[in-house]
Amino acid sequence: MSQAEVVRAEEAPAGKARADAAATSVLPQARRAPSAAGFLALFRSELTLTFRRMRTISLLGILAALPVLIGVVVKVNTGGAGEGPAFIAQVSQNGLFLVFTALAVSLPVFLPMTVGVVAGDSIAGEAATGTLRYLLVAPAGRTRLLAAKFTAALAFCLAATLTVALAALLTGAALFPLGHVTLLSGDTIGLGSALLRALLVAGVVAASLAGLVAIGLFISTLTGSGIAAMASTVGLVLLVQILDTFPQLHAIQPYLFTHQWLSFSDLLRQPMHWDNELRNLGLQALYVAVFGSAAWSRFTSRDITA
Amino acid sequence: MTGAPPQGPAAPDDVIRTSGLTKRFRGGQLAVDGLDLAVPRGSVFGFLGPNGSGKTTTIRMLMGLIAPTSGVATVLGSPMPQSIGSVLPRVGALIEGPALYGYLSGRDNLARFDAADPTSDPRTRALRVTGALERVGLTAAAGKKARAYSLGMKQRLGLASALLQPRELLVLDEPTNGLDPQGMREIRSLVREVAAEGTTVFLSSHLLDEIEQVCTHAAVMSKGRLVVQGTVTELAARAQGRLVVRTPDVALAAEVLGGRQVTDLRTDQARVDGVTGTLGDDELPKLCAALVEAGVRVHGFGVERGTLEDAFVALTGEGFDVAG
């Protein structure tokens with residue numbers, strides 16, 4: 001006699017009783033309709049997931065340490081600051097300039113590095129741990145998931161930039177005098193409007209990273225390894241900035257997404273000089289459109305075998 | 001026999017139906033080859049096959065994770081992968097083992113997967129998560145980080161995420177992989193419980209006795225093709241029963257049985273067995289009498305019914321654990 005029969009014989013009465021009891025409660029299932037709150041829940045979940053990770057917090061910690069380091073170095077070496085990063089000469093006169101110095105120093109390497117980690121890992125990291133398949137059968141929807149990842153990475157750009165700016169402001173206020181700010185054009189503005197301008201600059205710097213986010217997201221859809229995606233994204237940022245220094249590549253340089261990154265200094269003039277910055281933001285929008293579409297078309301058509 | 005079509009006419013109430021479902025990976029490897037599968041509503045359907053026979057690829061196609069090269073897959077009456085949004089909220093799935101966010105607690109893992117479903121109401125999320133944790137017995141460990149979970153606990157958390165909502169279909173791919181015997185029993189009783197509530201369960205496994213213990217229906221895959229499908233009773237009946245005689249006089253018993261049209265005789269230390277073939281049930285007492293008459297000390301005499309494993313070996317002519 002097979003085991004199967006024995007087991008079923010034992011299970012049948014209990015199973016039937018339970019089935020009868022459950023028939024009224026479970027079987028006539030109402031089809032649940034998607035709601036706006038339900039749709040947005042994934043975006044919220046994605047944001048909490050990003051900012052609760054130890055990794056994100058460490059990255060922000062590193063970014064916060066950078067302005068402190070610069071501030072201390074400038075304080076110790078006051079007087080001899082002839083050469084150095086942008087605005088460094090002004091820092092010892094006005095601590096607020098540490099915000100601009102820190103942004104100018106972190107924009108080429110540190111900010112893109114952290115953004116590359118977050119954006120590059122976004123899809124590939126989920127694929128590597130296998131959670132991607134469970135999100136997709138939930139069903140998260142591939143377009144919705146990609147949009148949530150993009151939103152969270154943009155939010156990280158903003159958080160990262162604000163972290164640098166805020167740490168710089170606090171360090172600057174602690175180590176150097178604050179007060180009226182003399183702009184690059186020679187005009188002087190009050191501390192309040194200078195702070196507003198610092199906030200504007202931080203926003204513009206965060207937006208400058210949008211193109212990179214789209215590139216990172218696209219690379220992330222190509223591979224099942226989070227590390228590979230992060231490394232490629234960060235590597236690409238460095239490569240593009242190296243290409244930007246070759247005079248022979250003059251023709252393509254205006255189209256490199258890093259080319260206008262430092263044009264935020266034009267906003268420190270009176271009146272603000274927006275031409276280059278608008279070109280930068282337009283370029284970022286173009287990169288978002290191109291690489292965002294590429295990421296979408298790749299991700300929505302790809303076989304998920306991880 | 002190969003590629004048996006679904007038995008009977010197309011039932012409209014099949015929870016899963018595929019016809020000619022085929023997947024050829026880019027490397028040219030044919031993982032699933034012309035699969036015609038029919039899973040009736042309310043069944044506990046065992047999806048059997050050695051590792052590498054195409055079970056997981058089939059499940060991934062049913063869940064819209066990979067696109068079929070050709071053929072059609074219908075889940076809960078709608079074509080996949082086109083109807084993912086309307087079908088999958090009614091399906092719970094455990095595919096190729098659990099996958100969790102190690103840095104989140106068990107509870108937060110479930111909340112994350114629940115948030116991924118746009119049809120689930122955020123206001124009742126905490127309630128669902130608590131209920132699912134309780135159901136799989138993880139309430140005590142709900143606050144622990146998932147990376148500290150044992151494999152069995154991870155497997156249970158995976159099951160909990162499949163049970164966050166009342167489901168019409170539960171797809172479980174190798175749900176007892178890596179579990180100890182106690183864990184396996186728990187999963188099986190959970191499967192029976194869910195099935196008793198009216199949920200159809202589609203259970204893939206490479207363990208035959210697992211299928212025999214919990215399933216009402218089964219299909220067998222081998223090398224990407226469907227070998228057979230039907231009810232477990234039907235399938236087991238395909239395996240011929242064997243007459244078993246326990247006796248110390250093995251040689252003598254074998255001689256007597258051989259003279260009475262019992263074929264395929266196998267002798268062991270204190271046991272002889274063979275196929276009675278066409279002999280009817282009323283012939284058995286005579287067979288027993290003949291043994292006793294010949295002076296065989298009969299300690300035991302009876303017919304052992306075939307198991308699914310016998311059926312599988314009979315159908316494929318191969319051992320079960322050989323990877324395709």
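Which residues does Val213(A) touch, if we leave out residues up to four places away in sequence? In this predicted model, they are Val115(A), Ala119(A), Phe150(A), Ala153(A), Leu154(A) and Cys157(A). Find Val213(A) in the structure and you have a good place to begin, because nonpolar side chains in soluble globular proteins tend to be buried together. Val213(A) and Val99(A) are the residues with the most contacts inside the largest nonpolar core, which has 162 residues. Helix α8 of chain A, residues 142–175, supplies the largest share of this core, with 15 residues. A second core of 10 residues is separate from it, and its members include Ala254(B), Val256(B), Leu257(B) and Val262(B).

Let us now step back and look at chain A as a whole. Chain A contains 12 helices and 2 strands. If you follow the sequence from its start, the order of elements is α-α-α-α-α-α-α-α-β-β-α-α-α-α. Of its 306 residues, 42% count as buried. Among contacts in chain A with a separation of 6 or more, 77% are made by residues 24 or more positions apart.

Just after strand β2 of chain A comes a loop that leads to α9, and Gly190(A) is found there. Is Gly190(A) buried or exposed? Gly190(A) counts as exposed because it has 11 C-beta neighbours inside 10 Å. Gly190(A) is 10 residues away from His180(A) in sequence, while their C-alpha atoms are 4.8 Å apart in space.

Now follow the chain into helix α9. Two packed helices are described by the angle between their axes and the distance between the axes. Helix α9 (residues 191–208) and helix α12 (residues 275–301) of chain A pack at about 35 degrees, and their axes are 9 Å apart. From α9(A), the contact uses Val204(A), Ala207(A) and Ser208(A), while α12(A) brings Glu277(A), Asn280(A), Leu281(A) and Gln284(A). Sorted by class, this contact has 3 nonpolar, 3 polar and 1 charged residues.

Chain B comes next. Chain B has 11 helices and 14 strands, and 46% of its 324 residues count as buried. Here, residues 24 or more positions apart make up 69% of the contacts with a separation of 6 or more. The domain assignment divides chain B into domain 1 (14–237) and domain 2 (242–305). The C-alpha centres of these two domains of chain B lie 45 Å apart.

Look for an open sheet in chain B. Its 6 strands stand in the order β6-β7-β8-β3-β9-β10, with mixed pairing. The edge strands, β6 (91–94) and β10 (225–231) of chain B, each pair on one side only. From one strand to the next, the twist averages 15 degrees. Strand β6(B) runs parallel to β7 (residues 169–173) of chain B, and 4 bridges join the two. Within this pair, Ala93(B) stands opposite Val171(B).

Helices lie across these strands as well. Helix α1 of chain B (residues 55–62) lies across β3, β7, β8 and β9 of chain B, running at about 150 degrees to β7(B). Helix α5 of chain B (residues 151–162) lies across β6 and β7 of chain B, at about 165 degrees to β6(B).

Further along chain B is strand β13, residues 271–275, and it pairs with two other strands. Strand β11 (residues 242–246) of chain B pairs with β13(B) in the antiparallel sense over 4 bridges, and Val245(B) has Val272(B) as its bridge partner. Strand β12 (residues 263–268) of chain B is also antiparallel to β13(B), again over 4 bridges. Asp268(B) stands opposite Arg271(B), and β12(B) and β13(B) form a hairpin with 2 residues between them. Which side chains of β13(B) point to the buried face? Val272(B) and Gly274(B) do, while Arg271(B), Asp273(B) and Val275(B) point to the other face and are not buried.

Finally, see how the chains meet. In all, 38 residues of chain B are in contact with 42 residues of chain A. On the chain B side, helices α2, α3, α6, α7 and α8 each supply at least two residues, and α3(B) gives the most, with 4 residues. By class, this side of chain B has 22 nonpolar, 7 polar and 9 charged residues.

Conventions:
Residues are numbered from 1 along each chain as its sequence is written. Chains are lettered from A and ligands numbered from 1 in the order in which they are written. This is a predicted model: local features need pLDDT of at least 70, side-chain atom pairs count only at pLDDT 80 or more; totals for chains, interfaces and linings use all residues. Two residues are in contact if their C-beta atoms, placed from the backbone, lie within 7 Å. Ala, Val, Leu, Ile, Met, Phe, Trp, Tyr, Cys and Pro count as nonpolar, Asp, Glu, Lys and Arg as charged, and the others, Gly among them, as polar. Axes are lines fitted to C-alpha atoms, for helices over the stretch in contact, and angles run from 0 to 180 degrees between N-to-C directions. Domain bounds come from an automatic or database domain assignment. A residue is buried if 20 or more other C-beta atoms lie within 10 Å of its own, exposed if 12 or fewer, and partly exposed in between; C-beta atoms are placed from the backbone. Two strands pair if DSSP finds at least two bridges between them. A nonpolar core is a set of buried Ala, Val, Leu, Ile, Met, Phe, Trp, Tyr and Cys residues joined through C-beta atoms within 7 Å.
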